[in-house]
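Thank you all for coming; I would like to walk you through one structure, going slowly enough that anyone new to it can follow along on the screen. Please keep the sequence and the three-dimensional view side by side while I talk.

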Amino acid sequence: MYSGGWVRRPSQSGLSKNAHQGKQTMPTLAQGQSQTAVPQTQPEVRKTVHYQIVIIGGGAAGITTTSLLLAKNRSLDIAIIEPSDKHYYQPGWTLTGGGVFQIQDTVKHQKDLIPKGATWIKDRAVTLDPDKNAVCTSEGIRVEYDCLIVCPGIQVDWHLIKGLKEAIGKDGVTSNYSPRYAPYTWELIKNFQGGNALFTFPNTPIKCGGAPQKVMYMADDVFRSKWGVRQRTKVMFLTPATRMFAVPVYSRILEGVVKEREIEVKFHHNLKEIKAGTKEAIFDVLGDGGSVGEFSVKYDMIHVAPPQSAPDFIKNSPLAVPNSPYGWVDVDKDTLQHNRYPNVFAIGDASSLPTSKTAAAVRKQAPVVAENLLAFMASQPLRAKYDGYTCCPLITGYDKTVMSEFDGYSGRPMSSFPLNPAKERWVMWLMKKHVLPWVYWNRMLKGARFEGDYIKFLQWREK
Ligand SMILES: Cc1cc2nc3c(=O)[nH]c(=O)nc-3n(C[C@H](O)[C@H](O)[C@H](O)COP(=O)(O)OP(=O)(O)OC[C@H]3O[C@@H](n4cnc5c(N)ncnc54)[C@H](O)[C@@H]3O)c2cc1C
């Protein structure tokens with residue numbers, strides 16, 4: 001059943017030196033190995049419009065920030081460029097893959113969420129011209145602005161794993177990183193009868209760095225609940241990283257979890273190909289400076305966390321971090337203002353903020369952008385600062401979650417509750433399953449104050 005083996009075959013792909021040395025667990029592509037952006041063609045301009053504030057992306061960041069801005073000043077003239085009719089609560093995709101939610105539980109109509117007072121331009125931004133304060137859409141609308149907020153989320157680069165696009169969604173290959181495939185994850189898990197169950201992590205930053213593991217712990221619970229299935233199953237987690245999680249205190253907990261569950265972990269392993277015909281997954285084995293060999297293993301099911309980067313239209317623009325393979329919007333980590341274009345701000349997954357990319361991080365970034373953008377418009381100093389806060393609730397089983405809140409800039413654990421966060425807790429599972437989705441739809445997107453702020457004096461603090 002298990003046919004993993006080594007083939008020494010050096011190749012060019014791999015991690016940066018830091019990632020190998022364990023100085024950071026967030027893997028990065030090697031210098032010069034770009035997430036090659038597809039060049040965008042400039043559509044013919046059919047119409048020009050102008051708004052005081054233009055927001056690219058009506059996801060977690062775009063809607064939250066618009067609500068906050070309008071709460072501060074109802075007369076602001078704001079347009080949101082957003083192509084999709086649907087707005088997803090993406091953290092719910094993990095629970096969909098685990099059979100707790102249906103995919104329809106994670107989605108609402110975008111029209112019901114765009115804050116009253118904002119204009120929705122239902123179109124896709126395709127080119128950025130920050131020297132002329134303009135964005136062009138795919139339908140040829142030139143949208144000019146006084147100030148711009150860039151938050152179109154992250155791009156999932158399925159194509160960077162050979163064979164994945166063709167294989168995914170059938171014959172045991174799945175990913176919770178798309179609403180299309182998250183329900184199939186549950187199909188696979190609940191019908192699994194034994195064999196090799198693989199879970200992978202890519203060699204790029206991703207949104208919610210814990211998601212590739214959460215699904216694995218739920219799958220392991222299901223396998224154990226069915227007579228003889230876990231005994232017939234090898235569960236493997238394969239990652240280019242050098243530890244289980246970026247923050248040491250949470251990483252140690254997860255090391256205990258994989259040990260207790262007898263999950264085989266392979267560090268320095270980067271998925272590069274799916275051979276659907278033979279149901280094989282091929283990994284680069286990474287050493288200092290790149291690949292030192294190849295590892296192939298048969299799968300009966302594989303959950304892939306695909307490589308990710310900034311959307312191509314950002315990579316192709318002057319707003320991107322210069323010479324970076326990922327193309328994030330280049331902003332100051334404290335003020336969230338662009339490093340070269342002062343009337344441009346960015347938040348969320350597409351930004352260069354060196355913290356873990358989550359909706360929880362967006363919750364703390366949005367008030368900073370709202371305050372600083374208004375200060376900029378009033379020619380005042382930018383006083384609000386983002387502290388790197390993020391949170392990735394680590395589901396470690398159907399009734400357990402580690403509410404891993406932390407300062408992504410320093411790796412210091414934090415807590416919004418009067419409880420030590422470095423523990424698996426049932427109450428945090430209830431929080432993840434019932435409370436956080438409600439908070440997202442009913443408070444965060446409406447610009448309500450962060451709940452933890454009401455009990456600041458009670459919150460757990462690291463001694
Ligand atoms: C499986 C999974 C599990 C997760 N779990 C958690 C969790 O437990 N906790 C947590 O906090 N976070 C979690 N996240 C991450 C969280 O969902 C994201 O970090 C968050 O949604 C980022 O917000 P954003 O606004 O930057 O991007 P998004 O919410 O993705 O919104 C981007 C928006 O921009 C739009 N857009 C895209 N391209 C363009 C364009 N060219 N022009 C205009 N608009 C465009 C999109 O349609 C979308 O509406 C998870 C994500 C996934 C996939």
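Histidine 268 is buried, since 23 other C-beta atoms lie within 10 Å, and the cut-off for calling a residue buried is 20 or more. This histidine sits in the loop between strand 14 and strand 15, the latter covering 269-275, and histidine 268 has a positive phi of about 60 degrees although it is not a glycine. I should say at once that what you see is a predicted model, and that should be kept in mind for everything that follows.

A second residue can be set beside that one. Aspartate 171 also is not a glycine, and has a positive phi of about 50 degrees; its place is the loop between helix 4, residues 164-167, and strand 11. Is aspartate 171 buried, or is it partly exposed? It counts as partly exposed, because aspartate 171 has 16 C-beta neighbours inside 10 Å.

Let me now step back to the whole chain. The protein has ten helices and 23 strands, and its radius of gyration is 22 Å, close to the 23 Å that the globule rule gives for 463 residues, so the protein is as compact as a globular protein of that length. Taken along the principal axes, the box filled by the C-alpha atoms is roughly 65 × 50 × 40 Å. Of the 463 residues, 49% count as buried, and if we take the contacts between residues at least 6 apart in sequence, 68% of them join residues at least 24 apart.

Next, the sheets, beginning with the one that includes strand 14. Five strands make an open sheet with parallel pairing, and their order is 11-18-12-13-14. Strand 11 (173-174) and strand 14 (264-266) are at the edges with a single partner strand each, so one side of each has no neighbour in the sheet. Further in, strand 12, residues 195-200, runs parallel to strand 13, residues 233-238, and six bridges join the two; if you want a place to look, glycine 195 is opposite threonine 233 in strand 13.

Helix 6 lies across three strands of the model, namely strand 12, strand 13 and strand 18 (301-303), and it runs at about 160 degrees to strand 12. Within this helix, which spans residues 211-225, you will find valine 222. Valine 222 counts as partly exposed, because there are 18 C-beta neighbours inside 10 Å. Leaving aside residues up to four places away in sequence, valine 222 touches Ile189 and Lys190. For a sense of distance, the C-alpha atoms of valine 222 and alanine 361 are separated by 31 Å, and these two residues are 139 apart along the chain.

A different arrangement appears in an open sheet of three strands, which has antiparallel pairing and the order 21-22-23. Here strand 21 and strand 23 (412-414) stand at the edges, and each has a single partner strand, so one side of each is left without a neighbour in the sheet. On average, and ignoring direction, neighbouring strands of this sheet are turned by 40 degrees against each other. Strand 22, residues 400-407, is joined to strand 23 by three bridges, and glutamate 405 stands opposite methionine 414 in strand 23.

There is also a hairpin to find, made by strand 16 and strand 17 with two residues between them, and in its turn glycine 289 has a positive phi of about 85 degrees. The two strands, residues 280-287 and residues 290-298, pair in the antiparallel sense over eight bridges, with isoleucine 282 standing opposite serine 296 in strand 17.

I will finish with the ligand. Which residues come nearest among the 38 around it? They are Gly57, Gly59, Gln90, Gly153 and Gly348. By class, the shell around the ligand has 22 nonpolar, eleven polar and five charged residues. At least two residues of that shell are supplied by each of helix 2 (60-72), helix 3 (91-97), helix 9 (359-377) and strand 21 (389-397), and strand 21 is one of the edge strands in the three-stranded sheet that I described a moment ago.

Terms used: Residues numbered from 1 in each chain as written. Predicted model: local features only at pLDDT ≥ 70, side-chain atom pairs only at ≥ 80, totals over all residues. Near = placed C-beta within 6 Å. Helix = DSSP H or I, 4+ residues; strand = E, 2+ residues; numbered from the N terminus. Nonpolar A, V, L, I, M, F, W, Y, C, P; charged D, E, K, R; others polar. Rg over C-alpha atoms; globule rule 2.2 N^0.38 Å. Buried ≥ 20, exposed ≤ 12 C-beta atoms within 10 Å, placed from the backbone. Contact = placed C-beta atoms within 7 Å. Pairing = 2+ DSSP bridges. Axes fitted to C-alpha atoms, helices over the stretch in contact; angles between N-to-C directions.
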